[in-house]
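Dear colleague,

Please find below the structure that I am handing over to you. My notes on it follow directly after.

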Amino acid sequence: MVRPLPVLNVLSVLIVAFSLAMLVPLGVSFMYDDAARRAYYQAVLITFTSGAALWLVTRSRQAELQTRDGFLLVALVWTVLPAFAALPC
């Protein structure tokens, strides 16, 4: 049986890590005084807030993931992270 809360806990950590990776384009945007700076700033803020909120909700549900949980995690990562990556557009 798939346990969604431990999977969502791991997904929340990945979302927060992704938001930290989005700081690189934000820094480049600041460096070049690009007009897209506000879009990157908002995207980082939304991504970090979403990941942190999800982590706060699921932090008590940490557990060792099984193979079946891994399949759900991969499917969620391949759908959720691109949605956050599309925010600066």
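Thr 47 belongs to helix H3. The model is a predicted one, and in it Thr 47 counts as buried because its relative accessibility is 0%. Apart from neighbours within four places in sequence, Thr 47 is in contact with Ile 15, Phe 18, Ser 19, Met 22, Phe 84 and Leu 87.

One of these partners, Ser 19, is part of helix H1. Ser 19 has a relative accessibility of 1% and therefore counts as buried. When residues up to four places away in sequence are set aside, Ser 19 touches Val 44, Thr 47 and Phe 48.

A second threonine of helix H3 is Thr 58. Its relative accessible area is 1%, so Thr 58 is buried. Beyond the neighbours within four places in sequence, the contacts of Thr 58 are Leu 5, Leu 8, Asn 9 and Ser 12. Thr 58 and Pro 82 stand 24 residues apart along the chain, and 22 Å separates their C-alpha atoms.

Helix H1 itself covers residues 4-21, which makes 18 residues. From first C-alpha to last, H1 reaches 25 Å, close to the 26 Å expected at 1.5 Å a residue. Which residues of H1 are buried? They are Pro 6, Val 7, Asn 9, Leu 11, Ser 12, Ile 15, Val 16 and Ser 19. A general point helps in reading such a list: an α-helix has 3.6 residues a turn, so residues three or four places apart point the same way. The cover over the buried residues of H1 includes helix H2 (23-31), helix H3 (37-58) and helix H4 (67-85).

Val 13 also lies in helix H1. With a relative accessibility of 45%, Val 13 counts as partly exposed, since the partly exposed class runs between 20% and 50%. Val 13 and Ala 52 are 39 residues apart in sequence, while their C-alpha atoms are 7.8 Å apart in space.

I turn next to charged side chains. The protein chain carries 6 positive and 4 negative side chains, and the centres of the two sets are 11 Å apart. As a general matter, side chains of opposite charge can pair when their charged atoms come close. How many salt bridges are there? The count is two.

One salt bridge joins the side chains of Arg 3 and Asp 69, at 2.8 Å from N to O. Arg 3 is in the segment before H1 and Asp 69 is in helix H4, so this pair ties together parts that are 66 residues apart in sequence. Is each partner buried or exposed? Arg 3 is partly exposed, at 28% relative accessibility, whereas Asp 69 is buried, with a relative accessible area of 0%.

The side chains of Arg 37 and Asp 33 also meet in a salt bridge, at 2.1 Å from N to O. Arg 37 is partly exposed, with a relative accessible area of 25%. Asp 33 is exposed, with a relative accessible area of 57%.

Asp 33 deserves a further remark on its backbone. Asp 33 sits in the loop between H2 and H3, and its phi is positive, about 55 degrees, although Asp 33 is not a glycine. For context, most residues other than glycine have a negative phi.

Finally, some values for the chain as a whole. The secondary structure comes to four helices and zero strands, and from the N terminus on the elements run α-α-α-α. Along its principal axes, the C-alpha trace spans about 50 × 20 × 15 Å. The chain has 89 residues, of which 24% count as buried. Among contacts with a separation of 6 or more, 84% are between residues 24 or more positions apart. The accessible surface of the chain is about 5900 Å², and 70% of that surface belongs to carbon and sulfur atoms.

With kind regards

Methods. Residues are numbered from 1 along each chain as its sequence is written. This is a predicted model: local features need pLDDT of at least 70, side-chain atom pairs count only at pLDDT 80 or more; totals for chains, interfaces and linings use all residues. Side-chain values use heavy atoms; hydrogens and water are left out. Helices (H or I, at least four residues) and strands (E, at least two) are DSSP runs, numbered from the N terminus. The expected span of a helix is 1.5 Å times one less than its number of residues. Buried means under 20% relative accessible area, exposed over 50%, partly exposed in between (1.4 Å probe, protein chains only). Contact means heavy atoms within 4.5 Å. Accessible areas come from the Shrake-Rupley method with a 1.4 Å probe; for residues, only the protein chains shown count as cover. Lys and Arg count as positive and Asp and Glu as negative; His and the chain ends are not counted. The place of a charge is taken as NZ of Lys, CZ of Arg, CG of Asp or CD of Glu. A salt bridge is a side-chain nitrogen of Lys or Arg within 4 Å of a carboxyl oxygen of Asp or Glu.
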